[in-house]
Amino acid sequence: MQTINNFIDGKYAAPLGGRYLDNYAPSTGALSGHIARSGLEDVEHAVQAAAAAFPAWSAMPLEQRHDILRGIADGILQNLDRLAEAESTDSGKTITTARTIDIPRAALNFKFFATALLHFASESHHQPDVLSYTLRQPLGVVGCISPWNLPLYLFTWKIAPALAAGNCVVGKPSEITPLTASLLGDICNAAGLPPGVLNIVQGLGPEAGAAIVQHPMVKAISFTGSTRAGVEIARVAAPMFKKLSLELGGKNPNIIFADCDYEKMLDTTVRSSFNNQGQICLCGSRIYVEKNLYEKFKHDFVERVQQLRVGDPADPKSQLGAVVSKVHFEKVLSYIDLARAEGGRVLCGGQALQLPGAQAGGWFIAPTVIEGLRTSCRSNQEEIFGPVVTIQPFEDEADALAQANDSPYGLSATIWTSHLQRAHQMAAQLQCGIVWINTWMLRDLRTPFGGVKNSGMGREGGWEALRFFSETKNVTLAF
Ligand code: NAD
């Protein structure tokens, strides 16, 4: 049994109220430990530690700040096995996903922003007798709140640019996957991060998370999570004029034309549908296929999906692990029932899987493909966030666009075609923040990342993140 405490002012500390939450292992359904259930007083402690550390951290020479952040990246890689194992146990994702995607990317986030801070520059505007220049100053104490689907990956995606820009952070990982963020504390200490620069408060969203959002000394909130929580955070933070970056839900279209590179599309579509049990905000959960390719695609896709190995996440041969929690397991299954009630035909999957042995109590769901649903029905409009995709035919480009854009969400979209003019024209008309053409989830960390409509506001990545985590000040000088 593990006890996961807060990391404040460079030290691990029990929650001041002495309360703990239960933590569960999704692959067995068993209790795995206890998590600090932090409250207002713990957040206050963390904010004060961050505020005290801010003057020295923000004034530190850039090379020194770079070296420390690079050291954290190296420390994550030195602990790759331990972190990957922790991430897999805590979230139910396969050890292979944790080892090859989550943890390497967490290290890369620090490496990327450690380097970026050395190159970040601001503008100047000249006239014959006037010089204006822009200062980009750190904000002070900022809050970073992250979800359970890519725990350390998304936590570090926020923390690294916040620290690189010279801020001090109060971070809160998801209460469902607290473990790797907790291990990060020791790695930061070993890299020489001064106490108080990064503080990690564990606990529930409406308690610890809300306390960070409400705190008047926290100048910005970078949040990734559900649209529901994003609405609540915006409601509280907007009247306080905090800077807000909200990365929220998605229900992304994957548009497949008959002229695509078929094998590449099929391989990638299996991944973009079921990677991490479909629990990636970028997964293409609504698949639209050109009419003349539909039957062939349906046959081949279902055949491939039926071959996916769902199993013990610790087994390197498993391709899908467990979904993250009992509540989420029940939610995903209820959406499969809803899809059936809405007239959907389940082509494969459609039920929970009972694994043998130690995994008998785990939360496993067979990868599920459903056809015959209208775009406007709930199971095509609401985010399921599990191993469930729907497939539907389209007539032409206009029909594909209309169906793809008929969604309250607008995070990402994928287009498969060899007709590049068509792809570019559609990319411009899709209502979303990210479009992939003939690929999926190919991330260049310099590019802007984020969504429109109910998928949120603001952009992460590259300069966008460093601009978010700094305040712009114009200075004008007349000669
Ligand atoms: P969630 O909104 O329940 O929780 C996310 C985080 O916010 C957790 O740390 C939680 O404790 C905290 N939180 C919850 N309510 C809060 C409140 N009122 N104030 C402050 N903090 C609060 O989301 P989740 O279930 O952990 O994650 C799944 C969701 O995240 C999905 O909707 C998914 O699409 C989305 N997501 C989006 C992106 C993106 O980049 N757009 C990436 C990953 C996940």
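Helix H8, spanning residues 227-237, has a buried set made up of Thr227, Ala229, Gly230, Ile233, Val236 and Ala237. In this predicted model, those buried residues pack against one helix and several strands: helix H7 (205-214), strand E11 (218-224), strand E12 (243-247) and strand E20 (409-410).

Stepping back to the whole chain, the protein splits into domain 1, built from 2-248 plus 455-478, and domain 2, covering 253-452. Their C-alpha centres sit 29 Å apart. Contact between the two involves 38 residues of domain 1 and 40 residues of domain 2.

Interface size is often quoted as the accessible area that disappears when the parts come together. Here domain 1 and domain 2 bury about 2,800 Å² between them, with 58% of that on carbon and sulfur atoms. On the domain 1 side, the residues that give up the most area to domain 2 are Trp148, Ser455 and Arg459, which together account for 21% of what that side buries.

As for what the two domains offer each other chemically, the rule turns up zero salt bridges across the interface of domain 1 and domain 2. Polar contacts are another matter: 13 residue pairs, both partners at pLDDT 80 or more, meet that rule across the interface. Several elements of domain 1 each put at least two residues on the side touching domain 2, namely strand E4 (20-25), helix H3 (80-91), helix H4 (95-119), helix H5 (151-164), strand E24 (456-457) and helix H15 (462-468). H4 provides the largest share of that side, with eight residues. Sorted by class, the side of domain 1 that touches domain 2 comes out as 14 nonpolar, 18 polar and six charged residues.

Helix H4 is also home to Asn109. Asn109 counts as buried because its relative accessibility is 0%, and the cut-off for that label is under 20%. Its side chain still finds polar partners. One is the side chain of Arg105, in polar contact with the side chain of Asn109 at 2.7 Å. Another is the backbone oxygen of Tyr153, which lies 2.9 Å from a polar atom of the Asn109 side chain. Leaving aside residues up to four places away in sequence, Asn109 touches Tyr153, Thr156, Trp157, Ala160 and Leu445. Of these neighbours, Leu445 falls within the bounds of domain 2 (253-452), whereas Asn109 itself belongs to the 2-248 stretch of domain 1.

Definitions and conventions. Residues numbered from 1 in each chain as written. Predicted model: local features only at pLDDT ≥ 70, side-chain atom pairs only at ≥ 80, totals over all residues. Heavy atoms only, no water. Domains from an automatic or database assignment. Contact = heavy atoms within 4.5 Å. Buried area = accessible area lost by both parts, 1.4 Å probe. Salt bridge = Lys/Arg side-chain N within 4 Å of Asp/Glu carboxyl O. Polar contact = N/O pair within 3.5 Å; in protein donor to acceptor, adjacent residues only side chain to side chain. Helix = DSSP H or I, 4+ residues; strand = E, 2+ residues; numbered from the N terminus. Nonpolar A, V, L, I, M, F, W, Y, C, P; charged D, E, K, R; others polar. Buried < 20%, exposed > 50% of the residue type's maximum accessible area, 1.4 Å probe, protein only.
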